[in-house]
Amino acid sequence: MNIMLAPSILSADFSRLGEELKALEKAGADMAHIDVMDGRFVPNISIGPPVVRALRPHSPIIFDVHLMIVEPERYIDAFADAGADYLTIHIESTQRVGETLSRIRSRGVKPAITIKPGTPAKDVFPYLAEVDMVLVMSVEPGFGGQKFIPSAYDKLKELRAEINRRGLSVDLEVDGGVNLQNVRSIADAGANIIVAGSAVFEDGRISENIKSFRQALR
């Protein structure tokens, strides 16, 4: 299985986001994970469509946009217009999950769905045929630098087994507390897209850190 790296720009230097994005691309990252937080669904506020739009000309790298916001259906068009390649919505954030996923796909963007640590993996099963990716949160969403919650391993295994059982081509992503010590076990549990923030941007050594992740995943 090809393992892709999607560094989270939440840990980047926000005064140099354009440069940081170019550095990720040069270092061989497969995607840039962009966390959008509204201060309501999660207790933090980050960025919105204008920042995504401003970043888009700096790199052709895939924009993996994670919407940690209440009623994400209100902003699908704005983020699609801004240049998102993937739009991930939380199953816990809207009563219109299926409709919102369909809207994302209708805009030519890849729809994805995610769950918080306390939400069972099976809650995603009804939507597996409608998405390109499932994201398992391995920390409580809202802040970077948290420790990986071990129960995520079982969720990854359960989701990968169901995806395979149905013969679906759905990527399985994990986000939260990923580091060089646990990334191999995370991939072995079924994840093929790895989000890492502080472990990639630490000490400004983006290229070296990404190389270390690649080596750990061999």
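Which elements cover the buried residues of α1? In this predicted model, the cover includes the strands β2 (31-37) and β3 (62-68) together with the helices α2 (49-55), α7 (198-201) and α8 (206-216). The residues of α1 (residues 17-27) that are buried are Leu17, Gly18, Glu20, Leu21, Leu24 and Ala27, a set in which the glutamate Glu20 appears beside leucine, glycine and alanine. Just after α1, Gly28 adopts a positive phi of about 95°.

The contact between α1 and α2 can be followed at the level of a single residue, Leu55, which lies in helix α2. With a relative accessibility of 5%, Leu55 falls under the 20% limit and therefore counts as buried. Leaving aside residues up to four places away in sequence, Leu55 touches Leu17, Gly18 and Leu21, and also Ile9 and Phe63; Leu17, Gly18 and Leu21 are themselves among the buried residues of α1. Leu55 and Glu19 are separated by 36 residues in sequence, while their C-alpha atoms are 9.6 Å apart in space. Phe63, one of the residues touched by Leu55, also carries a charged group over its ring, since Arg56 lies over the face of Phe63 at 3.6 Å from the ring centre.

Helix α8 presents its buried residues in an ordered way. Ile206, Asn209, Ile210 and Phe213 are buried in α8, and, viewed down the helix axis, they fall within an arc of 100°, so that they line one face of the helix. The elements that cover these residues include β1 (4-5), α1, α6 (183-188) and α7. Phe213 has a further role in the description of internal space, as it is one of the residues that line the largest cavity, along with Leu5, Ala6, Pro7, Ile194, Val195, Ala196 and Val200. The volume of this largest cavity is about 30 Å³, and the count of cavities of 30 Å³ or more comes to one.

A comparable description applies to helix α4 (residues 97-106), whose buried residues are Val97, Thr100, Leu101 and Ile104. These cover an arc of only 100° around the axis, which puts them on the same side of α4. The elements against which the buried residues of α4 pack are α3 (76-82), β4 (86-90) and β5 (110-115). Helix α4 is followed by Gly108, for which phi is positive and near 80°.

Positive phi values are also found at residues that are not glycine. Most residues other than glycine have a negative phi. Glu71, in the loop between β3 and α3, nevertheless has a positive phi of about 50°, and with a relative accessibility of 38% it counts as partly exposed. Asp203, in the loop between α7 and α8, likewise has a positive phi, in this case of about 60°, but its relative accessibility of 68% places Asp203 in the exposed class.

Another buried position of interest for its charge-bearing side chain is Lys155, in helix α5 (residues 151-166). Its relative accessibility is 10%, and Lys155 is therefore classed as buried. Apart from residues up to four places away in sequence, Lys155 touches Ile115, Lys116, Pro117, Gly118, Thr119, Ala121 and Val136. The C-alpha atoms of Lys155 and Pro120 are 7.5 Å apart, although the two residues are 35 apart in sequence. Lys116, one of the residues that Lys155 touches, lies in turn over the face of Phe41, at 4.3 Å from the ring centre.

Among the aromatic side chains, the structure holds one aromatic pair. This pair is formed by Phe148 and Tyr153, with 4.9 Å from centre to centre and 50° between the planes, an arrangement that is classed as tilted. The two partners differ in their accessibility class: Phe148, at 13% relative accessibility, counts as buried, whereas Tyr153, at 22%, counts as partly exposed, the boundary between these classes being 20% relative accessible area.

Conventions:
Residues numbered from 1 in each chain as written. Predicted model: local features only at pLDDT ≥ 70, side-chain atom pairs only at ≥ 80, totals over all residues. Heavy atoms only, no water. Buried < 20%, exposed > 50% of the residue type's maximum accessible area, 1.4 Å probe, protein only. Helix = DSSP H or I, 4+ residues; strand = E, 2+ residues; numbered from the N terminus. Arc of directions from axis to C-beta. Contact = heavy atoms within 4.5 Å. Phe/Tyr/Trp six-rings, centres within 6.5 Å; stacked < 30°, edge-to-face > 60°. Lys NZ or Arg CZ within 6 Å of the ring centre and 35° of its normal. 1 Å grid on protein atoms, 1.4 Å probe; cavity = no way out; pocket = protein on both sides within 12 Å on 5 of 7 lines; lining within 4 Å. Points joined across faces, edges and corners; volume = space filled by probe spheres on them.
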